[in-house]
Amino acid sequence: VNKMVSQSEEAKEKISKKKEKISKLKDAVKSLEEQVEDSKKSGDSAVTEMREKLDELKKDTNETIKSLEEEISSLKQEADEVREQRSSEKDSNDKRVSELEDTITELNENKNDSEETGG
């Protein structure tokens, strides 16, 4: 009987130690689960932060592109105006040259007429 009581006591002690071990394992599992959750939250927050930075970068890039497109458009318009002005000046100069040539021709004709009649 004493042997059975002793074995029963040992079994209870083993069960108690196993329960304690199970409890420690459950605590360890719970701790790991919390760490996983924290990592997820941290990861989620890092992903969110990266997305926000990416969105900000996209916005800055789009604004820069828009600004450059406006500047290019402005430069094209300015170039067109300069071309138009040069063309207009060339036409004006061509017209003036033509007028001067006509005047020279006229003067030469008058000179020749004078030499023929007066000479």
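Lys53 is partly exposed, at 48% relative accessibility; here buried means under 20% relative accessible area, exposed over 50%, and partly exposed in between, with a 1.4 Å probe and protein chains only. Its neighbour in this story is Glu49, also partly exposed, with a relative accessible area of 40%. The two side chains meet in a salt bridge, 3.4 Å from N to O, where a salt bridge is a side-chain nitrogen of Lys or Arg within 4 Å of a carboxyl oxygen of Asp or Glu. Why can these two get together? Side chains of opposite charge can pair when their charged atoms come close. Lys53 and Glu49 sit four residues apart in helix α1, so about one helical turn separates them.

A word on what you're looking at: this is a predicted model, in which local features need pLDDT of at least 70 and side-chain atom pairs count only at pLDDT 80 or more, while totals for chains, interfaces and linings use all residues. Residues are numbered from 1 along each chain as its sequence is written, and side-chain values use heavy atoms, with hydrogens and water left out.

Now zoom out. The protein chain has one helix and zero strands, both being DSSP runs numbered from the N terminus (helices are H or I, at least four residues; strands are E, at least two). The radius of gyration is 50 Å, well over the 14 Å that the globule rule gives for 119 residues, so the chain is more spread out than a compact globule. That radius is taken over C-alpha atoms, and the rule is 2.2 Å times the number of residues to the power 0.38. Along its principal axes, the C-alpha trace spans about 170 × 15 × 10 Å. As for burial, 0% of the 119 residues count as buried.

Back to the side chains, with seven salt bridges in the structure. One of them joins Lys17 and Glu13, at 3.8 Å from N to O. These two are also four residues apart in helix α1, which covers residues 2-118, and about one helical turn separates them. Lys17 counts as exposed at 54% relative accessibility, whereas Glu13 is partly exposed at 48%.

Further along, Arg96 forms a salt bridge with Glu99, the closest N and O atoms being 3.5 Å apart. The spacing here is three residues within helix α1, about one turn of the helix. Arg96 is partly exposed, with a relative accessible area of 45%, and Glu99 is partly exposed too, at 37%.
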